Every structure is written in structure tokens, then in C-alpha cells.
Amino acid sequence: MTKLFLSLHVVAAVLAVGPVAVAASMFPAALRRAYSAPGDGAAVTGLRILHRICRVYAAVGIAVPVFGFATASSLGVLTSPWLVASIVLTAAAAAVLALRILPDQGAALAPAQAPDPAAAARTPARLAMLTGVFNLLWVVVTVLMIVRPGSTTSA
């Protein structure tokens, strides 16, 4: 059963976190292009698609910790420090996505008219920074999952 849980955990991580990381990373540049051409309907459509990808795959991403907990439980490592650190960092990544990235993307799509120039300059930069933090958190979690410091099964 452990192998099944681990397989589902890894597949869920690749198929759910990957698209969010890519779409969220593409959003700031697409937002800059949309701000520079306010009448471009295709640019706004592209932003809406990227935002929807982030929202949908964020919801699908709930499977990652669910299968992760099932795997850790079956391996008996729920209290291992590397796993606790991974859980905390995963929660932080989820919070950055749910509380900052997705709302900021939605707010960037909300104005019917062109935003003021100062906001147009800040929003893509802030989203790029937040997305970088989100992606960095997932990189650290991935490394912890592979290396598992102190684990008796790590290479």
C-alpha cells in the first residue's frame, strides 16, 4: 500500500504543483504585456487562462498532502524532523498561493479600465516575487523529500 500512496503522492505533486508553478510564473510577464496594451483582448484572455490554471490546479493540489500523509503514516515517519519541516514549508507555500498569489492575480484582472501607472508597475513585480517564493518553497520541500536528512533509508 505504501508504494501506491507514494506513487499517487508523486504523481499528484508533478501534475498539480507543476502547472501552478509554471502558470503563476508566466502571469507577471503576461500582466506587463496586458498593461502595456490596454485594449488587447487576447492579452486579457491569456491572463484569465493563466489565473484559471492556477486556481484549478491549486484545488487539485490538495491531493499532494493527502497522499503525502498517507505515505508518511504507512512508513511510520510522521514525526521525523525532515517531514515536519516539509509539512510546514508545504503549508507556507499553500498560504502564499491561496492568500497572496491567487487574490493578487484576481485583483489584477478586476479593473475594467487601465490601472494607474504606479499600480501597473508594482503588481507584476510583487506577483513575480511571490511566485518566486512559492516556487522556492516547493524546491526545498522536493529536496527534503529526496534527501530525507536523518532517515534510515536515505542514500
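Helices (H or I, at least four residues) and strands (E, at least two) are DSSP runs, numbered from the N terminus. The model is predicted: local features need pLDDT of at least 70, side-chain atom pairs count only at pLDDT 80 or more, and totals for chains, interfaces and linings use all residues. Residues are numbered from 1 along each chain as its sequence is written, and side-chain values use heavy atoms, with hydrogens and water left out.

**Exercise 1. Describe the secondary structure of the chain and how its contacts are spread along the sequence.**

Step 1. The chain has five helices and zero strands. In sequence order the pattern is α-α-α-α-α.

Step 2. A contact means heavy atoms within 4.5 Å. Among contacts in the chain with a separation of 6 or more, 85% link residues 24 or more positions apart.

Step 3. Buried means under 20% relative accessible area, exposed over 50%, and partly exposed in between (1.4 Å probe, protein chains only). By this cut-off, 34% of the 155 residues are buried.

**Exercise 2. Compare the annotated spans with the modelled helices.**

Step 1. UniProt positions are given in the numbering used here, feature names are shortened, and annotations may be inferred rather than shown by experiment. The unreviewed UniProt entry gives "signal peptide" for residues 1-23 and "transmembrane region" for residues 49-70, 82-102 and 127-147.

Step 2. Residues 1-23 are 96% helix and 0% strand, with end C-alpha atoms 33 Å apart.

Step 3. For residues 49-70, the end C-alpha atoms lie 33 Å apart, and the span is 91% helix and 0% strand. Residues 82-102 are 100% helix and 0% strand, with 28 Å between the end C-alpha atoms.

**Exercise 3. Characterise the largest pocket.**

Step 1. On a 1 Å grid over the protein atoms alone, a pocket is an open set of points where a 1.4 Å probe fits, with protein on both sides within 12 Å along at least five of seven lines; lining residues have an atom within 4 Å of a point. Grid points are joined across faces, edges and corners, and a volume is the space filled by probe spheres set on the points.

Step 2. The volume of the largest pocket is about 660 Å³. Its lining has 26 residues, with L6, H9, G68, V141 and M145 nearest the centre.

Step 3. Two or more lining residues come from each of α1 (2-36), α3 (63-75), α4 (81-109) and α5 (117-147). Helix α3 gives the largest share, seven residues.

Step 4. The lining has 19 nonpolar residues, six polar and one charged. Here Ala, Val, Leu, Ile, Met, Phe, Trp, Tyr, Cys and Pro count as nonpolar, Asp, Glu, Lys and Arg as charged, and the others, Gly among them, as polar.

**Exercise 4. Find the aromatic pair and give its geometry.**

Step 1. Rings of Phe, Tyr and Trp (its six-membered ring) pair if their centres lie within 6.5 Å; planes under 30 degrees apart are stacked, over 60 edge-to-face and the rest tilted. The structure holds one such pair.

Step 2. The pair is F134 with W138, edge-to-face, at 6.5 Å centre to centre and 75 degrees between the planes.

Step 3. F134 and W138 are four residues apart in helix α5, so about one helical turn separates them. Both are buried.

**Exercise 5. Place A43 and T123.**

Step 1. A43 lies in helix α2 (residues 41-60). A43 counts as buried because its relative accessible area is 16%.

Step 2. A43 and L31 are 12 residues apart in sequence, and their C-alpha atoms are 7.9 Å apart.

Step 3. T123 lies in helix α5, and its relative accessibility of 10% is why T123 counts as buried. Leaving out residues up to four places away in sequence, T123 touches L31, Y35 and A108.
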